[in-house]
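This report introduces a protein structure to a reader who has not met it before. The sequence and the structure are shown first, and the description follows.

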Amino acid sequence: MAVRKKRIYKVIFHNQGKLYELHATEVSQGGMFGFIEVGGFVFGEKSGLLIDPSEERLKAEFEHVKTTFIPLHAVVRIDEVDKEGANKISSLSDDAKVAYLPSPIYTPGGRGKD
C-alpha cells in the first residue's frame, strides 16, 4: 500500500502593490465567481538561528485565516511543488519582471444581441 504524499502548492499573487508568495495544501476554484480558494497554509519551522521577517509578517497576517479567496485576476501563478519553500512578500519595482494589468473578468453587456 503506497502512502500518498500531501500535495503542496506555491501560490503567487498581487496584493496592494506587493507580490505575495505563499505555500498551501489546498487550492481550488472557489464557490465565489472569479476567486481562487486557498487554505491549509504551510509555514517553515523556526530554527532559532535565522528568522525571515517577511515570512513572519505573512504568518502574522494569516494567523487566524482558515481559507482566503484571491481574485482570479490577481493570481500570477500556481505551482504544485515537492516541498515547501520560503513564503515571502516582495515589492514590485519599475523593473519588475511581472506586470500587473487589471482587467475585469465579467463585463456587463459583453454578449451581442441575440
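What percentage of the residues of the protein chain count as buried? Of its 114 residues, 27% do, where buried means under 20% relative accessible area, exposed over 50% and partly exposed in between, with a 1.4 Å probe and protein chains only.

This is a predicted model, in which local features need pLDDT of at least 70, side-chain atom pairs count only at pLDDT 80 or more, and totals for chains, interfaces and linings use all residues. Residues are numbered from 1 along each chain as its sequence is written, and side-chain values use heavy atoms, leaving out hydrogens and water.

The protein chain has 1 helix and 6 strands, in the order β-β-β-α-β-β-β from the N terminus. Helices (H or I, at least four residues) and strands (E, at least two) are DSSP runs, numbered from the N terminus.

The structure holds 2 aromatic pairs. One of them joins Phe41 and Phe62, which are tilted, at 5.0 Å centre to centre and 45 degrees between the planes. Rings of Phe, Tyr and Trp (its six-membered ring) pair if their centres lie within 6.5 Å; planes under 30 degrees apart count as stacked, over 60 as edge-to-face and the rest as tilted. The pair links distant parts of the chain, 21 residues apart.

Three residues can be set side by side by location and relative accessibility.

| Residue | Location | Relative accessibility |
|---|---|---|
| Phe41 | strand β3 (residues 35-41) | 17%, buried |
| Phe62 | loop between α1 (53-61) and β4 (67-71) | 8%, buried |
| Gln16 | loop between β1 (8-15) and β2 (18-29) | 75%, exposed |

Gln16 also has a phi near 50 degrees, a positive value in a residue other than glycine. Most residues other than glycine have a negative phi.
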